[in-house]
Amino acid sequence: MTRRAIYLMSSVIGIASLSYAGEAVRTFRGEVSDSQCAMNVHSLTHSHQEMLKSKGLMGGTSAQCAMQCAKQMGGEFVLAAGKEVYRLDNQPEAEKFAGQRVKISGSLDAKTKTIHMAKTEPEK
């Protein structure tokens with residue numbers, strides 16, 4: 001199965017599950033970050049900038065820092081939206097936007113602070 005077919009299937013399933021669950025579809029805006037930086041595990045300022053200055057291993061960009069933390073340090077991709085941090089249920093999709101500002105359409109499981117992603121696009 002091609003990547004595109006898998007993506008389309010996951011989008012259809014995601015939208016169907018949103019409808020089934022009865023959760024309202026909303027739009028969330030923020031940066032796809034990693035849980036370490038966004039939740040102050042390694043950063044005191046909720047940002048990649050501190051890590052990029054202090055740790056040479058984190059790469060030179062927010063995207064490289066997020067990838068390093070998520071892939072090598074046990075983190076996961078999250079949406080950092082101001083003071084709020086949301087878990088993202090589709091990690092492969094979130095990875096495509098690591099370090100970028102995005103607009104995500106989906107529903108929120110308030111209990112777990114997880115966004116069930118239906119559509120993600122770069123914020124313009």
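## Surface and overall build

How much area does the protein chain expose, and what share of it do carbon and sulfur atoms supply? The exposed area comes to about 7,500 Å², and carbon and sulfur atoms account for 56% of that. Keep in mind that this is a predicted model, so read the numbers below as values computed from it.

The protein chain has 124 residues, and 35% of them count as buried. Its secondary structure is made up of five helices and five strands. Walking along from the N terminus, you meet them in the order α-β-α-α-α-β-β-α-β-β. As for contacts, take the ones between residues at least 6 apart in sequence: 56% of these join residues that are at least 24 apart.

## Two glutamates

Let's start with E93, which sits in helix α5, covering residues 91-95. Is E93 buried or exposed? With a relative accessibility of 6%, E93 counts as buried, because the cut-off for that label is under 20%. The E93 side chain also has a polar partner: it makes a polar contact with the side chain of K96, at 3.0 Å.

Now for E121, which belongs to strand β5, spanning residues 114-122. The relative accessible area of E121 is 27%, so this residue is classed as partly exposed. Which residues does E121 touch, once those up to four places away in sequence are set aside? The answer is F97, V102 and K103. There's a distance to go with that stretch of chain, too: Q100 is 21 residues from E121 along the sequence, and the C-alpha atoms of the two are separated by 9.7 Å.

## Cysteines without disulfides

If you're wondering how many disulfides turn up in the whole structure, the search finds zero. C37 is in no disulfide, and the nearest cysteine sulfur to it belongs to C65, 3.8 Å away. That pair misses out because a disulfide needs the two sulfur atoms within 2.5 Å. C69 is likewise in no disulfide; here too the nearest cysteine sulfur is that of C65, at 4.4 Å.

Where do these residues stand on the buried-to-exposed scale? C37 has 0% relative accessibility and so counts as buried. C69 also comes out at 0% relative accessibility, which puts C69 in the buried class as well.

Note on methods:
Residues are numbered from 1 along each chain as its sequence is written. This is a predicted model: local features need pLDDT of at least 70, side-chain atom pairs count only at pLDDT 80 or more; totals for chains, interfaces and linings use all residues. Side-chain values use heavy atoms; hydrogens and water are left out. Helices (H or I, at least four residues) and strands (E, at least two) are DSSP runs, numbered from the N terminus. Buried means under 20% relative accessible area, exposed over 50%, partly exposed in between (1.4 Å probe, protein chains only). Contact means heavy atoms within 4.5 Å. Accessible areas come from the Shrake-Rupley method with a 1.4 Å probe; for residues, only the protein chains shown count as cover. A polar contact is a pair of N or O atoms within 3.5 Å; within protein, one must be able to donate a hydrogen and the other to accept it, and residues adjacent in sequence count only if both atoms are side-chain atoms.
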